[in-house]
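Me: I've got a new structure open and don't know my way around it yet. Can you walk me through it?

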Amino acid sequence: MSSKLKSGTSNANNLVVLSCKCEVNEVLRSISTRWKMQILHSIARDTRQFSLLKNAFPSLSDQMLGKRLSELVADQLIDKVVVEEKAPMKIIYTPTVKGMELLQIIDDLHHWGLKW
């Protein structure tokens, strides 16, 4: 989930108006959170460990990366898999079917942007 807005602010009021007029508003708000789609894209392209994701996005703090990974898991866009075959244990993130379907839409949007 993306960050919650304080009620009574103009942004919160605008979102209420938009949600009544635009059916895709909540989806757009959910996927447009900074770093979320970039992380999902990297995981789908085989960058599946925290340290490798950190190397891919050096300006992203450990806290924010952890938060976005948790959000992606909660949104069921990625799975968190604990591999305990040897010490130390390793955590690997893998895209779900839902996540891969979303990436296809994002890729289509990318191609549309390139065309226009």
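Reply: Sure. Let's start with a term: a salt bridge here is a side-chain nitrogen of Lys or Arg within 4 Å of a carboxyl oxygen of Asp or Glu. D75 and K36 fit that, with their side chains meeting at 2.7 Å, N to O. Keep in mind that this is a predicted model.

Me: Okay, where do D75 and K36 sit in the chain?

Reply: D75 is in the loop between α5 and β1 (78–83), while K36 belongs to helix α3. They are 39 residues apart, so the pair links distant parts of the chain.

Me: And are D75 and K36 buried or exposed?

Reply: Both D75 and K36 are buried.

Me: How many salt bridges turn up in the whole structure?

Reply: A search of the whole structure gives five. Among them is D107 with R45, at 3.5 Å from N to O. D107 lies in helix α6 and R45 in the loop between α3 and α4, so this pair ties together parts 62 residues apart in sequence.

Me: How exposed are D107 and R45?

Reply: D107 is partly exposed, at 21% relative accessible area. R45 is partly exposed too, at 46%.

Me: Which salt bridge lies in helix α5?

Reply: E71 and R68 form one, with 3.0 Å from N to O. Both lie in helix α5, three residues apart, which is about one turn of the helix. An α-helix has 3.6 residues a turn, so residues three or four places apart point the same way. E71 and R68 are both buried.

Me: Let's stay on α5. Which of its residues are buried?

Reply: They are L65, R68, L69, E71 and L72. These residues cover an arc of only 160 degrees around the axis, so they are on the same side of α5.

Me: What do those buried residues pack against?

Reply: They pack against α3, α4, β1 and β2 (90–95). On the face of α5 turned away from its buried side you'll find the exposed residues Q63 and A74.

Me: How does the length of α5 compare with what's expected?

Reply: α5 has 13 residues and reaches 18 Å from its first C-alpha to its last, close to the 18 Å expected at 1.5 Å a residue. Just after α5, Q76 takes a positive phi of about 60 degrees.

Me: Switching to α6: what's its span?

Reply: The end C-alpha atoms of α6 are 27 Å apart, which agrees with the 27 Å its 19 residues should span at 1.5 Å a residue.

Me: Which residues of α6 are buried?

Reply: G99, L102 and L103 are buried in α6. They cover an arc of only 105 degrees around the axis, which puts them on the same side of the helix. What covers the buried residues of α6 includes α2 and α3.

Me: And which α6 residues are on the other side?

Reply: V97, E101, I105, W112 and K115 are there, and they are exposed.

Me: New topic: the largest nonpolar core. Which residues touch the most other members?

Reply: That core has 17 residues, and I39, L40, I43, L53, L69 and I78 touch the most other members. α3 (36–44), α5 (62–74) and α6 (97–115) each supply at least two residues of this core. The largest share, five residues, comes from α3.

Me: What does L40 touch?

Reply: Not counting residues up to four places away in sequence, L40 touches L72, L77, I78, G99, L102 and L103.

Me: I also clicked on S42. Where is it?

Reply: S42 is in helix α3. S42 is buried, since its relative accessible area is 13% and the cut-off for buried is under 20%. Leaving aside neighbours within four places in sequence, S42 is in contact with T47, L53 and F57.

Me: How many aromatic pairs are there in the whole structure?

Reply: A search of the whole structure finds one. W35 and F57 form this edge-to-face pair, 5.4 Å centre to centre and with 75 degrees between the planes. W35 sits in the loop between α2 (25–31) and α3, and F57 in the loop between α4 (50–56) and α5, 22 residues apart.

Me: How exposed are W35 and F57?

Reply: W35 is partly exposed, with a relative accessible area of 21%. F57 counts as buried, at 12% relative accessibility.

Terms used: Residues numbered from 1 in each chain as written. Predicted model: local features only at pLDDT ≥ 70, side-chain atom pairs only at ≥ 80, totals over all residues. Heavy atoms only, no water. Core = buried A, V, L, I, M, F, W, Y, C linked by side-chain atoms within 4.5 Å. Buried < 20%, exposed > 50% of the residue type's maximum accessible area, 1.4 Å probe, protein only. Helix = DSSP H or I, 4+ residues; strand = E, 2+ residues; numbered from the N terminus. Contact = heavy atoms within 4.5 Å. Phe/Tyr/Trp six-rings, centres within 6.5 Å; stacked < 30°, edge-to-face > 60°. Expected span 1.5 Å × (residues − 1). Arc of directions from axis to C-beta.
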